[in-house]
Each structure stands twice: as structure tokens, then as C-alpha cells.
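Reader: I am new to this structure and would like a close look at one part of it, starting from a single residue and moving outward from there. Please take your time and connect each detail to the next.

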Amino acid sequence: MDHAETPLHPLSALQRNLLMLATIAMGAGMSINFVVVAPLTRKAGLGEVEVAAILTLSTLLYAFMIPQWGRIADRVGRKRVMVFSLIMMGVTNTAFLFTLEAALAGVMTGTALLLTLVFVRLWFGLLTPGLQPASMAAMTDATTPANRAAGLGMLGAGMSIGSILGPAGAAALAPFGALAPLWGTIIFCIVVGILLGFTLPKTVPRDRSMPRPKPLAMFDKRVRPHLAFLVAYFICVGMIQQTLGWFIEDRYNLGDLGEKSGETAVLYTGIVFACMAVATIAVQFGYISRHKPDPRKVLPIGLGIVVIGYVGADTLMAFPLLCASFFIVGVGSALAIPSANALGSLSVTREEQGSAAALMSAAPPAGFIFGPLIGAVLYSVDHALPLVASAVLMTGLTIYAWTLTRRAQAPSA
């Protein structure tokens, strides 16, 4: 039997879809903080840079722990690590929620609040990163070189969709309280973790006679440009996601609403993310999945559309036009992110595509190490700067992508 065409540990369609649902839950659990935490911590008396620093520290630890948890998953079993990761996402977010409640009630303020939030978020960064490497490894073992890129692409798309769906869900839950969206993602993560526990097969010890794809070096010259490109892209995204709640609150004077200011800021921010989510899902499943366009042609188009959305968000004052601008951003990101990931996978041999996809999955957390803090610093100088800076950087990426892809399509002499 040809080992190259036989998955090491096959999974059913239901089990693969649950892996994608798990990454959606993880993405939602991570990104919901940008909608809920930003306006509420400000209300509790913390500054923009302090809030961004809290999230940046946890993201830095999260990125550092990803390979460590990958090794743990190989030892104790991927299913156990995935379930543990999702449950810990719920537990650490619950601790973060209780800390926010204490802050809003005036029980905890100042340095005590800052240190408690840092402590809770560091546990988040320490205990939750296992899902990403464990699910990637499980999907790699469940696929062959012929369909590995598609399988791993599902997981990457799940994380991206979750990172938008989580904040978008705030629009539905915010009327029940400013912290209700955070409760929603907590329950979502725990329920999906339980489902994985009952649905996924027990991890089977690897047959050492069967080959496993070797990991690519982070600075492999074939993947390095694509990885750097994606990190730069997610720095832009991190800058916007960190500051969008503040931007909306300040532009529309929501802080003047008194006790309802927190819920209203979360609601308005959730609506904007919902517009982006609708566009992203519609394009991802209505166009990308069905027509599978050439990523070399689609990438610069998608990036250009994102630039248009950011410029519109900065210059168009009415709230419906802000929503429309981020709808445009959603369209562009749905075109750009899968294309950038696909080009990275296509830069290596078919047998190495799984390793390339796993390597590039590090781009979002790497970008979110720098993006939120940069965005907060710029926002403290001028409220429009994060949008302007992201639009400028995204324009540079558009020009770079257009030049690179045009060169790739040019016929050789």
C-alpha cells in the first residue's frame, strides 16, 4: 500500500468539521476581548496602552507556548490537549470576566486591577494554545498530500471566521449586558470542547514505520516572504481590532450615555464586526470555496479592497457608512487571507504543504503580539492614526503583492 496516499489516522467528515468548529470557537474566544475589554477597561479607569499591553503579553506567551503544546500533544494525545485547551479557554475567560465585574463595581481599581488582569491573561496564554498545534497535527494525519492543504486550510479559515464571528456575536448579546458576549464565547468553547471529547477517536500511537511530514524551518526561503507578508497583514488587523471599540465610542460620544455607555459601545462595535463577518462568510463560502480562484490574481484585489474599506471608515462619519466600510473590509479580507495562505502552501512541494500551512498558522498570533500595542500607542496620539497607519501599510502590501504575483505570472524568456 502507498503510504503517501493513505492517511495515518483518518477522520470522518463530521470529525473534521468539528475540528473546524473548534478553531472557530478558539478564534471567537480570543477576539471577543477586543470588543468587550476595550470599552469596559477604559470605563474601569485603565488607559489604552495599559489595556493593549495586557493583551499583548498574553499573546506573546500564547505564541511562545504553541510549539511546547505541540510536543505535549504528541506525548499525551491530541484529543486530550484539544479538549483541555477549549475548556481552559472558557475557564480563563471566566476569571477575566469576574475581574472585569469587580472592576466595574468599583471593588478593584488601579494597580490591583492591572496586575490581576495581567495575572489572569498570562494563564490564558499558558494554558490555551494547545488546540492549534494539536488540531493541525490531527488534520495532517487525517489527510494525504493530495488533500492536506485543503484540510489545513479549513482550520485556518475556522480561526479567521471565529476571530470575526466572536465580536459579531456581541451585537446579539450586548442587549443582555456588556459582559454577555464574553459569557457567550465561554459557553461556546466549553460546549465544543465537550463535543470533541465525545466525538473524536482516541489518539492512536503513531506507527513509526509510516512517514510523517517534516516541519519546515521558520526562515525557509520559500515560505519566508509569505510568512512575513501575513505577519504584516495581521499587525494591521491587530491595530484595528484593538482600537475599534474606542474609536466608535469616541466618534459617536457613547461615553456620554452614563451607565449604558458600556453596553452601547459593545453593541455598536459588535454591529460593525457583524457586517464584516457577513461579508467574510459570504465571500468565503459563496465565492472562494465554490470557484477556487487563482490566488495570484485575487490577493492584490483583496488587499486593495481592504484599503478602500479602511479609508472609508476613517473619512465617512455616519455610523451606517462605517458599517458599510467594514463590510468592504470583510470582502477584501475573505479574498486576501486564503490567497496568501494558498501561495505559501504552493511555494513548497506537495509533501511539504502541511508543514507550510502549520508554519503560516503562526502569523496571526505573531501579528497580534505587535498590532494591538502599536494601535493603542497611535490611538493615544490621534484617534484616526490606527486606521490611517493600517491603510498605508496595507497599501504597501497591495503594491508588493501586485508586483510579486505579476512577476510570477510573467512568461519565462
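Author: Lys 292 counts as exposed, since its relative accessibility is 66%, and a residue is called exposed when that value is over 50%. The model in which Lys 292 is seen here is a predicted one. Lys 292 sits in the loop between α9 and α10, the latter covering residues 295-315, and its phi is near 45 degrees, a positive value in a residue other than glycine. A second loop residue can be set beside it: Asn 253, which lies in the loop between α8 and α9, also has a positive phi, of about 55 degrees, although it is not a glycine. Asn 253 has a relative accessible area of 48%, so it is described as partly exposed.

These two loops flank helix α9, whose residues are 261-291, and inside that helix the picture turns inward. Thr 280 belongs to α9 and, with a relative accessibility of 8%, is counted as buried. When residues up to four places away in sequence are left out, Thr 280 touches Ile 164, Gly 330, Ser 333 and Ala 334.

It helps to place these details in the whole chain, which has 413 residues, 54% of them counted as buried. The chain contains 14 helices and zero strands, so that, read along the sequence, its pattern is an unbroken run of α elements. Among the contacts with a separation of 6 or more, residues 24 or more positions apart account for 87%.

On the other side of the loop that holds Asn 253 is helix α8, and this helix leads into the interior. Helix α8, residues 224-251, gives the largest nonpolar core its largest share, namely 16 residues. That core has 82 residues, of which Tyr 233, Leu 303, Tyr 310, Phe 326 and Met 394 touch the most other members. Taking Tyr 310 from this list, and leaving aside its neighbours within four places in sequence, one finds it in contact with Cys 236, Val 237 and Ile 240, with Phe 326 and Val 329, and with Leu 387, Ser 390, Ala 391 and Met 394. Apart from this core lies another, of 30 residues, among them Met 26, Ala 73, Val 81 and Cys 189. In soluble globular proteins, nonpolar side chains tend to be buried together.

Some members of that other core bring us to a pair of packed helices. The axes of helix α2, residues 48-76, and helix α3, residues 78-104, come within 7 Å and cross at roughly 130 degrees, which means that α2 is oblique to α3. On the α2 side the contact is made by Trp 69, Ile 72, Ala 73, Asp 74 and Val 76, and on the α3 side by Arg 78, Arg 80, Val 81 and Phe 84. Sorted by kind, the residues of this contact are six nonpolar, no polar and three charged.

Helix α2 also packs against helix α13, residues 363-381, at an angle of about 170 degrees and with the axes 8 Å apart, so here α2 is roughly antiparallel to its partner. Glu 48, Ala 52, Tyr 62 and Ile 66 are among the α2 residues that meet α13, whose own participants include Phe 368, Leu 373 and Tyr 379. The residues of this contact divide into 15 nonpolar, three polar and one charged.

Two further buried residues complete the view. Ser 85, in helix α3, is counted as buried because its relative accessibility is 0%. A polar atom of the Ser 85 side chain lies 3.2 Å from the backbone nitrogen of Leu 131, and, residues up to four places away aside, Ser 85 touches Met 26, Leu 127, Thr 128, Pro 129, Gly 130 and Leu 131. Gln 132 is found in helix α5, residues 131-141, and is buried as well, at 9% relative accessibility. Outside the residues up to four places away, Gln 132 touches Tyr 62, Ile 66, Met 159, Ser 361 and Ala 362. Its C-alpha is also 9.5 Å from that of Pro 67, although 65 residues separate Gln 132 and Pro 67 in sequence.

Note on methods. Residues numbered from 1 in each chain as written. Predicted model: local features only at pLDDT ≥ 70, side-chain atom pairs only at ≥ 80, totals over all residues. Heavy atoms only, no water. Axes fitted to C-alpha atoms, helices over the stretch in contact; angles between N-to-C directions. Helix = DSSP H or I, 4+ residues; strand = E, 2+ residues; numbered from the N terminus. Parallel < 35°, antiparallel > 145°, perpendicular 65-115°, else oblique. Contact = heavy atoms within 4.5 Å. Nonpolar A, V, L, I, M, F, W, Y, C, P; charged D, E, K, R; others polar. Core = buried A, V, L, I, M, F, W, Y, C linked by side-chain atoms within 4.5 Å. Buried < 20%, exposed > 50% of the residue type's maximum accessible area, 1.4 Å probe, protein only. Polar contact = N/O pair within 3.5 Å; in protein donor to acceptor, adjacent residues only side chain to side chain.
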